[in-house]
Amino acid sequence: MVDIWWSLLGAAIPAALAGQALRVRRRHAEEQRLKSARGREKNSDDIFVCERVCTSKRMLKKVGAFSKDPTPDTCVTVCGVSELDACADACGRTVCVNQHQINVLFEGVSCERDPKLPTLPAFSKLASKMVVQNFTVDLNKPLVFQVGHLGEAYQEWVHQPIVCKEGPRFFASDFWEFLTRTVWWVVPLIWLPVVCWFVATSVQMGLVIPHVALMMVLGIFIWTLVEYSLHRFLFHINTKTYWGNTGHYLIHGCHHKHPMDGLRLVFPPAATAVLCVPFWYTVKLMSTPTTAPALFGGGLLGYVMYDVTHYFLHHGQPTGEVARFLKRYHLNHHFRIQNRGFGITSTMWDKVFGTLPGYKAAEKSSR
């Protein structure tokens, strides 16, 4: 019997090593392919910034809610999207500042380049400065203390997105700039152990497992309402004063202006820690000492699910029907109807409070 196990082990080790070598080779080949593609994007004279696309019925069927006031059999200028870029929309309001190739969303659709469109250097130079009400917003300088000067024009400016994976600089200070940038995996890395600690605290205080699970589910449910309420009533508050615009840009306006900035999609841990304090005391006030930790842990778990989902909806490539719907639903909020569709992980509260986007109207206009 021992000889059999040694034989199996002897066969398994080479197979595992061969599999690992194959994975390393594939990874190396993929890196070389991406590097080569990036080089082509940077060096080719045929690369375009935007693309003229014929709005055929086939294209409109694929685009669906992404399209803005579509009319069949006409030409529209859209942002092209390469496989290296997570640019996600073809909305005419979008300011294209990246070199792109046409999105797989339009695969098989007849397209032609508009020779009147500016080349990348000229377009980038044009887009780097925006004049609103005699104030120039220079995207090449720290933005936070510029946007307040826009006054009443701020809301219109901030909802004209710039689709670019690299976001602008916020602060001149490297320290404050660092605090505004967060890699998505930091959120579960930091907060999941905290969730476990709160849940374990309830268990140690004598709360039985079924009640712990119930409190966690309730916490997640409450979070979905918090998520909707914050997004609708705080993140989308109308501002026009200097400090109002500045504060709004920091908490959410920057995300609508640069929706594909991968380092400013999730909430910075330092800010989350500060906000956790009043939420924790609110939970303690509304529940018993044994249930409070589990309830708060469930809410915190809901937040982690929200932030990770939010990042995925912008930069992931969903294959499942539910995930694809949520991606379309959220990007519709960014690029088409920004005063509706406030739910991220669920559309439930949009249905309850009547803020669902008008999909039926979009579908009728696309026929």
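**A chat about this predicted model**

Me: Where is glutamine 338 found?
Reply: This is a predicted model, and two helices help us place the residue: α11 covers 321-335 and α12 covers 348-353. Glutamine 338 belongs to neither helix range; its place is the loop between α11 and α12.

Me: Is glutamine 338 buried or exposed?
Reply: Buried means under 20% relative accessible area. The value for glutamine 338 is 11%, so this residue counts as buried.

Me: Which residue has its backbone oxygen 2.6 Å from a polar atom of the side chain of glutamine 338?
Reply: The partner uses a backbone atom here, while glutamine 338 uses its side chain. The two atoms lie 2.6 Å apart, and the backbone oxygen belongs to histidine 334.

Me: Let's move into helix α11. Which residues does histidine 330 touch, leaving aside its neighbours within four places in sequence?
Reply: Histidine 330 has its place in helix α11, and its relative accessible area of 2% is why it is called buried. Its side chain also makes a polar contact of 3.1 Å with the side chain of histidine 314. With those sequence neighbours set aside, histidine 330 is in contact with His255, His310, Leu313, His314 and Ile344.

Me: How far apart are the C-alpha atoms of histidine 330 and leucine 313?
Reply: Along the chain, these two residues are 17 residues apart. Leucine 313 is also among the residues that histidine 330 touches. Between their C-alpha atoms, the separation is 7.3 Å.

Me: What is the relative accessibility of asparagine 332?
Reply: Asparagine 332 is found in helix α11. Its C-alpha atom is 8.1 Å from that of proline 357, which sits 25 residues away along the chain. Asparagine 332 counts as buried because its relative accessibility is 0%.

Me: Which side chain makes a polar contact with the side chain of threonine 180?
Reply: Threonine 180 lies in the loop between α5 and α6, and at 13% relative accessibility it counts as buried. Not counting residues up to four places away in sequence, it touches Phe170, Phe171, Leu263 and Arg264. The polar contact, at 3.2 Å, is with the side chain of arginine 264.

Me: Is arginine 232 buried or partly exposed?
Reply: This residue lies in helix α7 and touches Phe342, Phe353 and Thr355, not counting residues up to four places away in sequence. Its C-alpha atom is 8.1 Å from that of asparagine 339, though the two are 107 residues apart along the chain. Buried means under 20% and exposed over 50%. At 26%, arginine 232 therefore counts as partly exposed.

Me: How far apart in space are valine 163 and aspartate 261, C-alpha to C-alpha?
Reply: Valine 163 is found in strand β7, and its 0% relative accessibility is why it counts as buried. In sequence, valine 163 and aspartate 261 are 98 residues apart. In space, C-alpha to C-alpha, they are separated by 8.3 Å.

Me: Which element gives the largest share of the largest nonpolar core?
Reply: This core has 27 residues, and those with the most contacts inside it are Val187, Trp191, Val212, Phe296, Leu300 and Tyr303. Two or more residues come from each of α6, α7, α9 and α10. The largest share, ten residues, is given by α10.

Me: Which residues does phenylalanine 296 touch, not counting those up to four places away in sequence?
Reply: Phe296 is one of the residues with the most contacts inside the largest nonpolar core. Once residues up to four places away are set aside, phenylalanine 296 touches Phe198, Cys276, Phe279, Trp280 and Val283.

Me: How many nonpolar residues are in the lining of the largest pocket?
Reply: About 1,300 Å³ of space lies in this pocket. Its lining has 44 residues, with Phe235, Phe267, Ala271, Thr272 and Leu275 nearest the centre, and helices α5, α7, α8, α9 and α10 each supply at least two residues. Sorted by class, ten of the lining residues are polar and three are charged, while the number of nonpolar ones is 31.

Me: Stepping back, what share of the protein's residues is buried?
Reply: The protein has 13 helices and seven strands. Its chain holds 367 residues, and the buried share of them is 44%.

Technical notes: Residues are numbered from 1 along each chain as its sequence is written. This is a predicted model: local features need pLDDT of at least 70, side-chain atom pairs count only at pLDDT 80 or more; totals for chains, interfaces and linings use all residues. Side-chain values use heavy atoms; hydrogens and water are left out. On a 1 Å grid over the protein atoms alone, a cavity is a set of points where a 1.4 Å probe fits but cannot get out, and a pocket is an open set with protein on both sides within 12 Å along at least five of seven lines; lining residues have an atom within 4 Å of a point. Grid points are joined across faces, edges and corners, and a volume is the space filled by probe spheres set on the points. Helices (H or I, at least four residues) and strands (E, at least two) are DSSP runs, numbered from the N terminus. Ala, Val, Leu, Ile, Met, Phe, Trp, Tyr, Cys and Pro count as nonpolar, Asp, Glu, Lys and Arg as charged, and the others, Gly among them, as polar. Buried means under 20% relative accessible area, exposed over 50%, partly exposed in between (1.4 Å probe, protein chains only). A polar contact is a pair of N or O atoms within 3.5 Å; within protein, one must be able to donate a hydrogen and the other to accept it, and residues adjacent in sequence count only if both atoms are side-chain atoms. A nonpolar core is a set of buried Ala, Val, Leu, Ile, Met, Phe, Trp, Tyr and Cys residues joined through side-chain atoms within 4.5 Å. Contact means heavy atoms within 4.5 Å.
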